[in-house]
Amino acid sequence: MPLLSVSGLSKTFRSGGREVAALDNVSLDVFPGETLGLVGPSGSGKSTLARVIMRLVSADAGSILFDGVDLLSLEGARLRQQRKRLQMVFQDPLAAFNPRATVASALDDPLRIHRIVPAGERRRASEQLLERVGLPTEFITRSIHEISGGQRQRVAIARALATEPDLLVLDEAVSALDLTVRNRILDLLVDLQRERGLSYIFVSHDLAVVRAIAHRVAIMDRGRIAETGPTPEVVADPKSAIGRALVAAVPTLRKAG
Amino acid sequence: MLRRLFRSPEAMTGLFLLLGFAALALFAPVLFPKDPLSIAGKPLLLPFTDAALPLGTDRLGRNVLAGLVHGTRASLAVGVAAALVAILLGMLIGTLAGFAGGLADELLMRVVDAFQIVPGFLLALAFVSVFGPSLPIVVLAIALGAWTGPARLARAEVLSIRERDYVAAARVIGMHPLEIALREVLLNALPPVLAISSVIVAGAVLTEAALSFLGLGDPNIVTWGSMIAEGRTVLRSSPYLSIIPGLALVTTVLGIYLFAEGLSEAISGRKVRV
Amino acid sequence: MSEVLLRIEGLGVRYPKAQKPALSDVNLEVGRGERLAVVGESGSGKSTLALALAGLLPRGSVSGNITWPGLSAPPVAGRDIGVVFQDPGNSLNPVLRVGEQIAEVLVRHVGLSWPEAWRRAEELVGQVGLPDPARTARAFPHQLSGGQRQRIGIAEALAAGPALLIADEATSALDTIVQAEILALLDRLVRERHSTLILITHDIALASQFADRIAVFHDGRLVETGSAEAVTTRPSDAYTANLLASQIDLTTPPLIGEAL
């Protein structure tokens, strides 16, 4: 049974009299313990889809079932409570933290809000989270401004893991990072998935990175799912035009000759 | 943050000036227990001629130094109170408009427009002439002309911050909307509003002086404005009567300005670390 | 390498108040008509190099020499050097029609009259592959997509026929498909005009596809330079090797096992 089941999701943005269909009848499933890659050019609707699933943007039509619960019908306290099971990591790790935040306050928030551990143990729990994402526990006293981009993204992942979620939506979460840093974050994500059986929705415009981390891939174009399937199959033999374009656009090292 | 504040030379100079004036205001009854409106000596005594009356006397022989010190009370109290009312009212209306959006936003902002069209000083003038010159009325009158700036600024900040990723991140972790509004949005909307608070406090002090100058201040208390007005009639023969309270006014406004600048820099945390 | 266009000798850059220099002791020659990729991660100094070449750094912060044997006079930014920036949304003026911005370069640096400049601007808009040039030239930046704006950025950078075009992370804000299109366009335009291209990028695979030569920067130093093929197949520096190993493309073994 899928952990997340999206069906018939539509969303239209209106700006200045123009209507843009950001999502047009989108359906997809995410199974427990798997990574679904969501790939497409800019404006394809992949980030909107991620934000609709996170209930940050409202949908016009369709339904989202998460572990049997209709996400779109939840409001207020029940929605906030459900949120602990779905978390998100944003593209720009600096923008995703309150400018006044410290590592301690960022990690403390989810622990406090969802009463994950008693108040007196929150500090210790925050330090354990840091360890899990490969950061030294001394980082707890730093301000978010004082640490590097890669370290910030690790803190963002630690914050997302604090509530022990079942699904993590990663919206271009490694796109802004240097290559070496990016690879270490990808390794971390894979390790966490093996340990905990987490599911990921990995949103990216870079098919090569998605191929490295996603079990299945859904390719989006102009608000629709153009094709979907096991990643190796889709990459080896893309059926849609946009799929072929994405495969062709991956920069490849010039080898000898 | 406090450390940054104490390291800023502007903030420290401003704080020093303001603390000086605040101390004067606070200890005015101790320093000059007699009513500053009472006669203390010969009229129009020049400054630095009599050790008992170091800044001389005015047309009616009242102690200028005593007037100045007691005037500090009125000027600072009225200025700060008026600015506080204006900033709180502005922040409240602006934040409400920014959060509510839609029709409520439209309505509130039209009210702001209506107030902004009328020059603040005229509004204060009209208000005081209708309700009579007493301290609370003067404070309210000044605030009425000054709250629209903070309201607009707070609304713009709230509208922009609402869409930031960190607010989305706070929603994702299930933070209560009230906590998001206060901790994530409002606290980050503060620095620019605080930055203009200097202009508002300084403006309020000046408006108060102007009202008193026109005789629309509370007649039972000495203010710098009323002292300048007093000195005006003998401006040619005894300019010091206007210059001395004028200098006090300038120094206060400067102190407020310097301190607020240092404070907003310390709060926003910018301009440090290169 | 035929004729030398520019020669960098002992270039160092230190920003005021910075603890470390942004660049130190860089020595590099760029040949006329060459396509050089400058590769590095954030903080490597690669963008500082672009600013130094375009003469956009405050005078006191730069030491060493940049000489231009390939030019008869010292270069003027905009006329002899065109720069395409990462975010065309920031580098274009939002209240001017895109055609005006291109025409402005032609009026200032080429000395064309305004009607001539406008006609030429429309041509350029067509040459960078935008549809309906006459109409597109009248558009404002916000009416165009990111890829289209970057094409306008290229048209503006190339308007005065510069000897050197610097593309500073010109495609990193774009998706991979548009990135490939923009790079193909840059490649074609630079070849047609026999201009020199300096492609500044964090992506060594991209560099290897579009450059003759690659210069790798790390921590403000030039750690390695060589033909694109040599650098990518036989890197002499450990940092370059690490960068190459970090590359993920469609042949990299996936990090996960087979599907569930």
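**Exercise 1. Find how many residues of chain A and of chain B are in contact, and describe the side that chain A offers.**

Step 1. In this predicted model, 21 residues of chain A meet 13 residues of chain B. Contact here is a matter of C-beta atoms lying within 7 Å.

Step 2. Now look for the elements behind the chain A side. At least two residues each come from α2 (76–82), β6 (86–89) and α3 (103–113) of chain A. The largest share belongs to α3(A), with 3 residues.

Step 3. Sort that side by class: chain A brings 10 nonpolar, 4 polar and 7 charged residues to chain B.

**Exercise 2. Do the same for the contact between chains A and C: how many residues does each chain give, and which helices of chain A take part?**

Step 1. Chain A gives 36 residues and chain C gives 33 residues.

Step 2. On the chain A side, α6 (179–196), α7 (207–213) and α9 (241–248) each supply at least two residues.

Step 3. By class, this side of chain A splits into 20 nonpolar, 8 polar and 8 charged residues.

**Exercise 3. Locate the largest nonpolar core and the helix that gives the most to it.**

Step 1. The largest nonpolar core holds 230 residues. Those with the most contacts inside it include A:Val169, A:Phe202, B:Ala82 and C:Ile166.

Step 2. Helix α3 (residues 64–100) of chain B gives the most to this core, namely 14 residues.

Step 3. Zoom in on B:Ala82. Leaving out residues up to four places away in sequence, B:Ala82 touches B:Val139, B:Ile142, B:Ala143, B:Ala146 and B:Ala204.

Key. Residues are numbered from 1 along each chain as its sequence is written. Chains are lettered from A and ligands numbered from 1 in the order in which they are written. This is a predicted model: local features need pLDDT of at least 70, side-chain atom pairs count only at pLDDT 80 or more; totals for chains, interfaces and linings use all residues. A nonpolar core is a set of buried Ala, Val, Leu, Ile, Met, Phe, Trp, Tyr and Cys residues joined through C-beta atoms within 7 Å. A residue is buried if 20 or more other C-beta atoms lie within 10 Å of its own, exposed if 12 or fewer, and partly exposed in between; C-beta atoms are placed from the backbone. Helices (H or I, at least four residues) and strands (E, at least two) are DSSP runs, numbered from the N terminus. Two residues are in contact if their C-beta atoms, placed from the backbone, lie within 7 Å. Ala, Val, Leu, Ile, Met, Phe, Trp, Tyr, Cys and Pro count as nonpolar, Asp, Glu, Lys and Arg as charged, and the others, Gly among them, as polar.
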